[in-house]
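Grab a pencil and work through these exercises with the structure on your screen. Try each task on your own before you read the solution.

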Amino acid sequence: EVQLVESGGGLVRAEGSLRLSCAVSGFTVRDYSIGWFRQAPGREREGVSCISKAGGNTYYADSVKGRFTISVDNAKNTMYLQMSSLKPEDTAVYYCAADSNMYCSFTDRYDYWGQGTQVTVSS
């Protein structure tokens, strides 16, 4: 059974930090490109960050560059999104995802998705 289980979401004040976790079952995360996405109410889902399977290169949306960090722990088969200097505009449901493609992208065409976790940043 393939399953991505997220944790770490919640309410945080502006300028605060939060770390999202995504525990993966049913496949080995090191064999996939992985990504984090977010969706605000009434808006389309957008890519936040991803890591390519091919060379482990990381990519970030301009809106989060310098504030967010994507990483994986192969021993725990878990992926993370460390979020710092949070802003109210970061408020959204955050999703983790995995894709068998050699290179990651900010499109929605990933093989597996987590259930989403709410992140709310207050001013």
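Let's start with contacts: in this predicted model, residues 24 or more positions apart account for 61% of the contacts with a separation of 6 or more. Keep that in mind as you go.

**Exercise 1. Work out the overall make-up of the protein, and find out how its radius of gyration compares with the globule rule.**

Solution.
- Step 1: Count the elements. You should get 0 helices and 11 strands. Read from the N terminus, the pattern is β-β-β-β-β-β-β-β-β-β-β.
- Step 2: Compare the radius of gyration with the rule. The value is 13 Å, and the globule rule gives 14 Å for 123 residues, so the protein is as compact as a globular protein of that length.
- Step 3: Look at the outer dimensions. Along the principal axes, the C-alpha atoms fill a box of roughly 40 × 30 × 25 Å.
- Step 4: Check burial. Of the 123 residues, 41% count as buried.

**Exercise 2. Find the open sheet of 4 strands, and say which strands stand at its edges and why one side of each has no neighbour.**

Solution.
- Step 1: Trace the order of the strands. The sheet reads 1-3-8-7, and the pairing is antiparallel.
- Step 2: Look for strands with a single partner. Strand 1 (3-7) and strand 7 (68-73) each have just one, so one side of each is left without a neighbour in the sheet.
- Step 3: Check the turn between neighbours. On average, neighbouring strands here are turned by 15° against each other, direction ignored.
- Step 4: Zoom in on one pair. Strand 7 is joined to strand 8 (residues 78-83) by 6 bridges, and the two run antiparallel. In this pairing, Phe68 stands opposite Met83 of strand 8.

**Exercise 3. Find the largest nonpolar core, and see what Tyr94 touches.**

Solution.
- Step 1: Pick out the core. It has 27 residues, and those with the most contacts inside it are Leu20, Trp36, Phe68, Leu81, Met83 and Tyr94. Phe68 and Met83 should look familiar: they are the pair standing opposite each other in Exercise 2.
- Step 2: Ask which elements supply the core. Those giving two or more residues are strand 3 (18-25), strand 4 (33-39), strand 5 (46-51), strand 7, strand 8, strand 9 (92-99) and strand 11 (117-122).
- Step 3: Follow Tyr94. Leaving out residues up to four places away in sequence, the residues that Tyr94 touches include Leu20, Phe68, Leu81 and Met83. Glu6, Arg38 and Thr117 are also among them.
- Step 4: Don't stop at one core. There's a second, separate core of 5 residues, including Phe37, Ala97, Cys104 and Tyr110.

**Exercise 4. Find the 2 disulfides, and say which parts of the chain each one links.**

Solution.
- Step 1: Take Cys22 and Cys96. A disulfide joins them, with 2.1 Å from S to S. Cys22 lies in strand 3 and Cys96 in strand 9, so this pair ties together parts that are 74 residues apart in sequence.
- Step 2: Get the handedness. The torsion about the S-S bond of Cys22 and Cys96 is about 60°, so this disulfide is right-handed. Both Cys22 and Cys96 are buried.
- Step 3: Now take Cys50 and Cys104, which are also joined by a disulfide, S to S 2.1 Å. With 55° about the S-S bond, this link is right-handed. Cys50 sits in strand 5 and Cys104 in the loop between strand 9 and strand 10 (112-113), 54 residues apart.
- Step 4: Check burial against the cut-off, which is under 20% relative accessible area. Cys50 has 2%, so it is buried. Cys104 has 12%, so it is buried.
- Step 5: Number the bonded cysteines in sequence order. The pairing comes out as 1-3, 2-4.

**Exercise 5. Glu15 has a positive phi, and so has Asn77. Where is each one, and is each buried or exposed?**

Solution.
- Step 1: Recall the background. Most residues other than glycine have a negative phi.
- Step 2: Place Glu15. Its phi is about 80°, and it lies in the loop between strand 2 (10-13) and strand 3. Glu15 has a relative accessible area of 60%, so it is exposed.
- Step 3: Place Asn77. Its phi is near 55°, and it lies in the loop between strand 7 and strand 8. Asn77 has a relative accessible area of 15%, so it is buried.

Definitions and conventions. Residues numbered from 1 in each chain as written. Predicted model: local features only at pLDDT ≥ 70, side-chain atom pairs only at ≥ 80, totals over all residues. Heavy atoms only, no water. Pairing = 2+ DSSP bridges. Axes fitted to C-alpha atoms, helices over the stretch in contact; angles between N-to-C directions. Core = buried A, V, L, I, M, F, W, Y, C linked by side-chain atoms within 4.5 Å. Buried < 20%, exposed > 50% of the residue type's maximum accessible area, 1.4 Å probe, protein only. Contact = heavy atoms within 4.5 Å. Disulfide = S-S within 2.5 Å. Rg over C-alpha atoms; globule rule 2.2 N^0.38 Å.
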